[in-house]
Amino acid sequence: PANTQMVVVFKTNTRDDVNVSSGKLTKVSRPILEFKDVTSLNTTTVKTVRSSVEVNNEEAIVGDVTFPTSEELKRRIYDNFATQNRAVTKLDYISTIYSMPPMFGAIKRAMLVRDDDSFKRNLNIFVIAEGADGKLARANGADGKLAQANTTLKRNVKTWLNKNRMINDTIDILNARILNVSIDFSIVADSETNKFDILASCITKLQERFSVLPDIGEAFYITDIYKVLNEVDGVVDTKNVSVKQKTGARYADLGFNIRENMSADGRYFVIPEDVIVEIKYPLEDIKGVIL
């Protein structure tokens, strides 16, 4: 209506997990509407107005991440120690992003890359957030490009960096992309041990190893898988390891060829500087057999 001022009051969520997928925030639990003279109004109309309040989040709500593991904390503390509240080096910028106050949101992974096509000292910072399911946040889209930290979160990161960045640095905050992979392996087990227990131990060890996400742009080392498997009690030898890309409705649709990016000795494959590797469903995507 004309000549009317509407005031919307909302409360923030203080739960540990505040991330919500797009289109999932649709319920108003207790709408509080005040009328100038409610006694003079039609009761039925007032109830209709109260019940008509609707809400829907067109964009996913992100900005909360699971508590980092001890290994992640060690790395972040070490990097943060040398920053001295200014961002000069690559590690300075990344550490500053991770130390952003939780009230402004949180980034799961960040990586800085110098923009060689820029005439100025422009820096591209690739970031990725965590979704409501605890996995890397993404939206449906071609080429896996919509691994979204939303606009608000990226704006907060840029504002937070402005207080510490070098005056001649310009910053672009960009979305990282996701490469989902699966692991298949075959091992030889000690004949005097329970093969089912050994296989379960192998899968558990790999799940623990890859529960910590790599950095954006970090190469994927197949030799790490051999090392983890060979250290499991009862494993005589690891015969074969195969890493394949996972695509489909539940995965990021990134155009990437693992074989073409494999090193000459087959020990690792190179990842683009704006891509992060994720084993999204470890219970399904890590499989093995005993020969």
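A residue is counted as buried when its relative accessible area is under 20%. Both Asp274 and Arg177 meet that criterion in this predicted model. Their side chains form a salt bridge, with N and O 3.0 Å apart. Asp274 sits in the loop between strand E7 (268-269) and strand E8 (275-278), while Arg177 belongs to strand E4 (residues 177-189), so the pair ties together parts that are 97 residues apart in sequence.

The overall architecture was examined next. The chain contains seven helices and nine strands. Of its 291 residues, 35% are buried. Among contacts between residues at least 6 apart in sequence, 69% join residues at least 24 apart. The exposed area of the chain is about 18400 Å². Carbon and sulfur atoms account for 52% of that area.

In soluble globular proteins, nonpolar side chains tend to be buried together. Here, the largest nonpolar core has 31 residues. Within this core, Tyr93, Ile107, Ile125 and Leu161 touch the most other members. Five elements are listed as giving two or more residues: helix H3 (90-98), strand E1 (109-114), strand E2 (121-128), helix H4 (151-162) and strand E3 (169-175). The most comes from E2, which gives five residues. A second core is separate and holds 29 residues. Cys202, Leu206, Phe210 and Ile222 are included in this second core.

Leu161 shows the contacts of one such core residue. Beyond four places in sequence, Leu161 touches Tyr93, Thr96, Ile97, Ile125, Ile171 and Ile173. Helix H3 is mostly covered, with seven of its nine residues buried. The buried residues of H3 are Asp92, Tyr93, Ile94, Ser95, Thr96, Ile97 and Tyr98.

Strand E2 also carries a polar residue, Asn122. Asn122 has a relative accessible area of 7%, so it counts as buried. Its side chain makes a polar contact of 2.6 Å with the side chain of Thr170. A polar contact of 3.3 Å links the side chains of Asn122 and Asp172. The C-alpha atoms of Asn122 and Ile171 are separated by 5.8 Å, although the two residues are 49 apart along the chain. Outside its neighbours within four places in sequence, Asn122 is in contact with Arg114, Asp115, Thr170, Ile171 and Asp172.

The next site involves helix H7 (residues 282-285), where Asp285 is found. The relative accessibility of Asp285 is 2%, so this residue counts as buried. Its side chain makes a polar contact with the side chain of Tyr251, at 3.1 Å. Asp285 also touches Lys246. These two residues are 39 apart in sequence, with their C-alpha atoms 8.5 Å apart. Other contacts of Asp285 beyond four places in sequence include Val181, Ser182, Ile183, Ile279 and Lys280.

The salt bridges number six. One of them joins Arg250 and Glu284 through their side chains, at 2.7 Å from N to O. Arg250 lies in the loop between strand E6 (235-245) and E7, and Glu284 lies in helix H7, so this pair ties together parts that are 34 residues apart in sequence. Arg250 has a relative accessible area of 38% and is partly exposed. Glu284 is partly exposed too, at 36% relative accessibility. By contrast, the salt-bridge partners Asp274 and Arg177 are both buried.

A further salt bridge is formed by Asp265 and Arg267. The closest N and O atoms of this pair are 3.9 Å apart. Asp265 is partly exposed, at 48% relative accessibility. Arg267 is likewise partly exposed, with a relative accessible area of 45%.

Nonpolar side chains also appear at the surface. Leu25, Val28, Val53, Val55 and Ile61 make a nonpolar surface patch of about 310 Å². Leu25 is located in the segment before helix H1 (43-51). Its relative accessibility is 36%, so Leu25 counts as partly exposed.

Terms used:
Residues numbered from 1 in each chain as written. Predicted model: local features only at pLDDT ≥ 70, side-chain atom pairs only at ≥ 80, totals over all residues. Heavy atoms only, no water. Helix = DSSP H or I, 4+ residues; strand = E, 2+ residues; numbered from the N terminus. Buried < 20%, exposed > 50% of the residue type's maximum accessible area, 1.4 Å probe, protein only. Contact = heavy atoms within 4.5 Å. Areas by Shrake-Rupley, 256 points an atom, 1.4 Å probe, with all protein chains shown as cover. Patch = residues over 30% accessible without salt bridge, like charges linked within 9 Å, V, L, I, M, F, W, Y side chains within 5 Å. Salt bridge = Lys/Arg side-chain N within 4 Å of Asp/Glu carboxyl O. Core = buried A, V, L, I, M, F, W, Y, C linked by side-chain atoms within 4.5 Å. Polar contact = N/O pair within 3.5 Å; in protein donor to acceptor, adjacent residues only side chain to side chain.
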